[in-house]
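Visitor: Please take one strand of this fold and examine it closely, beginning with a contact made by one of its side chains. I should like to see how that part is placed within the rest of the chain.

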Amino acid sequence: MKNGHSIHVYPKSRIATFDIGRMGMSKHHVVGLIEIDVTDARKKIALLKKKHENISFTSWLIKCVGDIVGRHPLIHGARKGARGIAVFSDVDISIAVEREIGGEKVPVPYVVRGANGKSVSDIHREILAAKEQPIRDEGDYVLGGGPRKLAMSLYYALPGFIRRSIWRIVLSRPALVKKMMGTVMITSVGMVGRVNGWIVPKSIHPLCFAISSVNKKPGVINGRVAVREYLPVTVLVDHDVIDGAPAVRVMGKLVDAIERGYLL
């Protein structure tokens, strides 16, 4: 401690976070704030867990997003050139798995490949396996990929303007975007702490969801007031890829699927 303050060295992985934040500011995202009634779904998941079903609320949400997006693939399309849009049938969803590296807890990006073709149990097991995957140091992983220690070490050593130039090249190639980081991101801040309200993130993904904490408050069900559980969700949609009206219709279908306990 010197002059009333101390200096903390942030993990190297934060460098990529800084770059993604800068690049995300250039994306033409439309932001939507949604509140979803998850009362019935959470009850059904609790009952399934009592029966020792391999399931979690997070893995089920990923499956819901994967299936609805898979049926309306334009919403996770990526710009290609001046007038092209690459549309993918598989829905690759990037999530953050918190791991300890060098004594510090850092979010490690992990991509659930083809979430629309997997069961909720498959996704749950995959997330658990990702949490156990050995990580030796911060240069030992890439977004959703395997060890790329040398590449990451070189990336961290580059000046900021060169690193962001690399990101511009990546983002101009939809197939590379999908391979490196998927086309959908789900960040769940509600898993690590209590958040009353919405989180508005920055993202370079065509489609991004930020999940907050479930909170209880009165709601009207069948004409009667009752205490319900609501999940605040922020949605970022790339307006360069899809117009507002079709995007809203897709989000309406996603909300409906979640509220009626899709697949549960």
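**Strand β9 and its surroundings**

Guide: The side chains of Arg 42 and Glu 229 form a salt bridge, with 2.8 Å from N to O. This contact ties together distant parts of the chain: Arg 42 belongs to helix α2 (residues 39–50) and Glu 229 to strand β9 (residues 224–238), with their positions 187 residues apart in sequence. The model in which this contact appears is predicted. The two partners differ in their cover. Glu 229 has a relative accessible area of 15% and is therefore buried, since the cut-off for that class is under 20%. Arg 42, at 32%, counts as partly exposed.

The cover of Glu 229 may be set beside that of its strand. β9 is mostly covered, with 11 of its 15 residues buried. For the protein chain as a whole, 45% of the 264 residues count as buried.

The pairing of β9 can be taken one partner at a time. Strand β1 (residues 29–37) runs antiparallel to β9 and is joined to it by nine bridges; in this pairing Gly 32 stands opposite Val 235. Strand β8 (residues 215–221) is also antiparallel to β9, with seven bridges between the two, and Lys 217 has Arg 228 as its bridge partner in β9. β8 and β9 form a hairpin with two residues between the strands, where Asn 222 adopts a positive phi near 55°. Strand β7 (residues 207–211) is a further antiparallel partner of β9, through five bridges; Ala 210 there faces Thr 234 of β9. In a regular strand, side chains alternate between the two faces of the sheet.

These pairings belong to a chain of eight helices and nine strands. Links between remote positions are frequent in its contacts: of those between residues at least 6 apart in sequence, 63% join residues at least 24 apart.

The salt bridge at Glu 229 is one of 14 in the structure. Another brings together Asp 92 and Lys 178, with 2.8 Å from N to O. That pair too links distant parts of the chain, Asp 92 lying in the loop between β3 (84–86) and β4 (93–101) and Lys 178 in helix α7 (residues 174–181), 86 residues apart. Asp 92 and Lys 178 are both buried. A network of salt bridges connects Asp 19, Arg 163 and Arg 164.

Helix α3 (residues 57–71) offers a local counterpart. Asp 67 and Lys 63 meet there in a salt bridge of 2.9 Å, N to O; because they are four residues apart in α3, about one helical turn separates them. Both side chains lie under cover, for Asp 67 is buried at 9% relative accessibility and Lys 63 is buried at 7%. Beyond its neighbours within four places in sequence, Lys 63 is in contact with Ala 115, Asn 116, Lys 118, Val 120, Ile 123 and Leu 263.

From α3 one may pass to the nonpolar interior. The largest nonpolar core has 45 residues, of which Trp 60, Ile 75, Ile 93, Ile 95 and Phe 209 touch the most other members. Helix α3 gives this core its largest share, eight residues. Trp 60, leaving aside neighbours within four places in sequence, contacts Ala 41, Ile 45, Val 120, Ala 257, Ile 258, Gly 261, Tyr 262 and Leu 264. There is also a second, separate core of 11 residues, among them Ala 16, Met 152, Trp 167 and Val 177.

Two cysteines deserve mention with the interior. Cys 64 has a relative accessible area of 0% and is accordingly buried, and Cys 208, likewise at 0%, is buried as well. A disulfide requires two cysteine sulfur atoms within 2.5 Å, and by that rule the structure has zero disulfides.

At the outer boundary, the accessible surface of the protein chain is about 14300 Å², with 57% of it belonging to carbon and sulfur atoms.

To return to the chosen strand: β9 has antiparallel partners in β1, β7 and β8, and through Glu 229 it is linked to Arg 42 of helix α2.

Definitions and conventions. Residues are numbered from 1 along each chain as its sequence is written. This is a predicted model: local features need pLDDT of at least 70, side-chain atom pairs count only at pLDDT 80 or more; totals for chains, interfaces and linings use all residues. Side-chain values use heavy atoms; hydrogens and water are left out. Buried means under 20% relative accessible area, exposed over 50%, partly exposed in between (1.4 Å probe, protein chains only). A salt bridge is a side-chain nitrogen of Lys or Arg within 4 Å of a carboxyl oxygen of Asp or Glu. Contact means heavy atoms within 4.5 Å. Accessible areas come from the Shrake-Rupley method with a 1.4 Å probe; for residues, only the protein chains shown count as cover. Two strands pair if DSSP finds at least two bridges between them. A nonpolar core is a set of buried Ala, Val, Leu, Ile, Met, Phe, Trp, Tyr and Cys residues joined through side-chain atoms within 4.5 Å.
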